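User: I'm new to reading protein models and I'd like to know where the labels come from. Can we go through a few of them together?

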Amino acid sequence: MGKFQDVGYEILNVLEFNSTRKCQSVICRYPTGRLVLYCKGADSVIYEKLAGGMDSIKRTTREHLERFGAAGLRTLCLAYRDLNNQMYEEWNEKFIQAKSALREREKKLDEVADLIERELILIGCTAIEDKLQEGVPACIETLSRAGIKIWILTGDKLETAINIAYACSLISNEMKQFIISSETKEIREVEDRGDALETAQVIEDTVKRDLERCLEEAEYYDNTRTQLDLALVIDGKCLMYALDPQLRGKLLRLSMMSKAVVCCRVSPLQKAQVTSLIKDGAKRITLAIGDGANDVSMIQAAHVGVGISGLEGMQAVMASDFAIAQFRFLTDLLLVHGRWSYIRISKVVAYFFYKNLTFTLTQFWFTFRTGFSGQRFYDDWYQSLYNVIFTALPVIVVGLFEKDVSASLSKKYPQLYQEGIKNMFFKWRVLAVWAFFAFYQSLIFFYFCVAASTKGQNLSGKMLGLWDVGTMAFTCVVITVNLRLLMACNFITRWHNYSIAGSILGWFLFIFLYSGIRTRHDRQENIYYVIYVLMSTWYFWLSIVLVPLVALLGDFLFQGLQRWFAPYDYQILQEKYKNQPEEISRPQLMENPHLTPDEERRLAIARLPLERSKHTGFAFDSPGFESFFALQQGVSAPHKAWDVARRASMKGPRRIVNG
């Protein structure tokens with residue numbers, strides 16, 4: 001082997017990496033006065049910048065790249081160029097001008113960099129292992145079972161991207177793979193001739209031909225109803241032509257027929273274009289997740305953006321709607337909290353529609369008795385405080401705590417997520433059911449209360465008046481709509497009981513005060529002493545018991561029949577697991593002497609001293625932070641070297657005490 005010698009050199013210029021150039025260069029001067037430009041970047045970019053006459057090393061390096069890519073390694077190519085002083089001085093003047101420009105600085109810097117990043121001499125390639133985070137394959141498999149179509153948009157080589165897709169369980173050997181690549185013998189021969197126009201024409205014709213062939217084959221499988229999953233793999237050069245307006249329709253149809261899509265060697269702009277293609281072309285809800293600055297445009301183009309906080313910086317997190325520390329947390333974000341949020345929003349909106357329609361229709365039926373004269377059925381304060389106080393708190397509690405099944409069951413049965421994809425809880429049929437029972441209950445409220453008032457008398461022998469009937473009907477409305485919300489809940493806590501009981505008691509407290517006080521400035525003196533008169537009659541007490549029961553009888557029968565004859569998936573799981581505890585808590589683990597090995601490990605880790613990490617998450621291969629202390633307690637947890645190093649870095653310097 002040769003001898004290694006340390007050489008000092010001076011870095012003159014640094015041409016930073018960006019997503020357009022896909023390479024980075026430095027210009028340095030050796031002590032001997034030699035000027036050299038070193039460049040590293042993607043092989044597709046470096047090969048375009050090479051000088052002629054290097055077919056042998058290009059062929060050898062390409063074989064190495066394919067071998068490394070097939071092994072799942074991330075590759076880069078290295079090249080250099082010797083510069084003379086005159087060439088460098090002329091170029092440096094242009095570089096300084098571009099760097100000082102006030103307008104279009106990035107564009108001018110790229111143009112100046114392209115002037116010197118040419119006629120390069122290939123050195124070779126490098127490959128590093130970039131392992132996936134823990135739990136990524138299981139997460140992607142779970143999301144696929146939930147009916148979510150997953151695409152991989154990456155800047156890696158074709159072979160590396162396919163290897164990652166296999167590692168993530170996104171592609172399997174049983175799937176039919178459609179590969180549209182520019183790394184063919186025909187395209188390479190044209191690229192070696194150096195004619196850019198001819199190369200572009202050949203790639204465009206190849207992409208058009210491959211798209212038509214793949215689409216025809218995919219339609220054949222679809223028409224014959226062959227149970228065969230399809231996977232599409234396309235690289236950045238081909239994708240550039242496939243996104244052309246003449247071909248993007250075919251690309252969209254082929255993509256939607258495929259179970260998995262892998263786009264490799266794509267730029268950040270292409271990531272955003274592919275996301276917009278599905279968002280606008282297919283009219284589907286899109287979610288983009290990334291961990292680096294090159295994923296920002298994709299995250300912003302999607303409906304929902306998720307950023308992973310890692311070593312690649314916080315740009316993706318700052319541009320996203322949600323931030324997580326590891327990819328595997330996406331399962332909880334979507335299948336647990338996402339489902340619960342959809343259920344809560346759907347139920348809250350539908351309930352708001354129901355309770356206001358019920359309240360309004362009772363006044364509508366009253367207009368038929370008054371000849372549409374404009375006479376009010378309720379007092380102004382009743383109407384003003386109906387949504388603000390008397391029915392507000394239970395809705396907030398439902399919006400915070402409602403859930404159909406536990407988090408563990410949501411992840412165990414990811415197919416439940418398809419109920420949200422099909423929008424089963426917020427469609428016109430669901431709203432029509434709420435509207436029907438609002439119509440039915442409003443008739444019960446009005447006509448039952450009016451019927452009770454025709455023969456009802458107070459202690460003085462007088463018949464009940466308009467404001468007596470209106471107050472009695474409003475009391476029945478408040479009681480019924482609050483109890484109806486309780487019937488719609490799948491998960492009832494003490495806060496549900498407190499809020500509903502508090503809302504009903506709040507109405508009685510208000511009416512006691514409001515009807516018991518009278519001043520000279522009252523606008524509605526007819527409400528004075530109404531509740532006290534009503535409570536002295538047995539008609540009132542009978543009405544506030546029977547009217548809500550009759551009004552809710554229809555809802556009770558409908559929910560029972562629906563749950564028995566046409567249950568939702570979550571209702572089947574509720575019946576299946578109704579006798580099992582929702583979650584195993586730490587006190588339950590400590591009280592139970594017969595524990596499984598997994599429960600014993602969880603209990604041992606729960607007893608460990610609490611440690612808080614001062615570091616952000618990692619985009620790849622994020623370490624488990626519990627392993628160091630777990631091993632100290634004899635618990636079987638994976639031990640990793642960086643745990644010890646990190647904890648040592650978090651502790652302060654030791655104090656040395658001289659005896």
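User: Why is Thr 75 called buried?

Analyst: This is a predicted model, by the way, so every value here is computed from it. Thr 75 has a relative accessibility of 9%. Buried means under 20%, so Thr 75 counts as buried. You'll find Thr 75 in strand β4, residues 74–83.

User: And what is Thr 75 in contact with, leaving aside its neighbours within four places in sequence?

Analyst: With those set aside, Thr 75 touches Leu 65, Phe 68, Thr 126, Ala 127, Lys 157 and Arg 265. Contact here means heavy atoms within 4.5 Å.

User: What makes Cys 476 a cysteine without a bond to Cys 449?

Analyst: Check the gap between the sulfurs. The closest cysteine sulfur to that of Cys 476 belongs to Cys 449, 4.2 Å away. A disulfide needs the two sulfur atoms within 2.5 Å, so 4.2 Å is too far for a bond. Cys 476 is also buried, because its relative accessible area is 0%.

User: How many disulfides does the rule give in total?

Analyst: Zero. Cys 77 is in none either: its nearest cysteine sulfur, in Cys 125, is 5.7 Å away. With a relative accessible area of 0%, Cys 77 is buried too.

User: How do you know whether α10 and α11 are roughly parallel or roughly perpendicular?

Analyst: Two packed helices are described by the angle and the distance between their axes. For α10 (residues 248–257) and α11 (residues 268–281), the angle is about 80 degrees and the axes are 11 Å apart. Roughly perpendicular covers 65 to 115 degrees, so α10 and α11 fit that label.

User: Which residues meet there?

Analyst: From α10 you get Arg 248, Leu 251, Leu 252 and Met 256, and from α11 come Leu 277, Ile 278 and Gly 281. Sorted by class, that contact has five nonpolar residues, one polar and one charged.

User: What makes β6 and β7 edge strands?

Analyst: Look at the strand order in this open sheet: β6-β9-β8-β7, with parallel pairing. β6 (150–153) and β7 (176–180) each pair on one side only, and that's what an edge strand does here. The twist from one strand to the next averages 10 degrees.

User: How do you know that β6 and β9 pair?

Analyst: Count the bridges. Pairing takes at least two, and β6 and β9 (residues 260–264) have four, in the parallel sense. Ile 152, for one, stands opposite Val 262 in β9.

Methods:
Residues numbered from 1 in each chain as written. Predicted model: local features only at pLDDT ≥ 70, side-chain atom pairs only at ≥ 80, totals over all residues. Heavy atoms only, no water. Axes fitted to C-alpha atoms, helices over the stretch in contact; angles between N-to-C directions. Helix = DSSP H or I, 4+ residues; strand = E, 2+ residues; numbered from the N terminus. Parallel < 35°, antiparallel > 145°, perpendicular 65-115°, else oblique. Nonpolar A, V, L, I, M, F, W, Y, C, P; charged D, E, K, R; others polar. Buried < 20%, exposed > 50% of the residue type's maximum accessible area, 1.4 Å probe, protein only.
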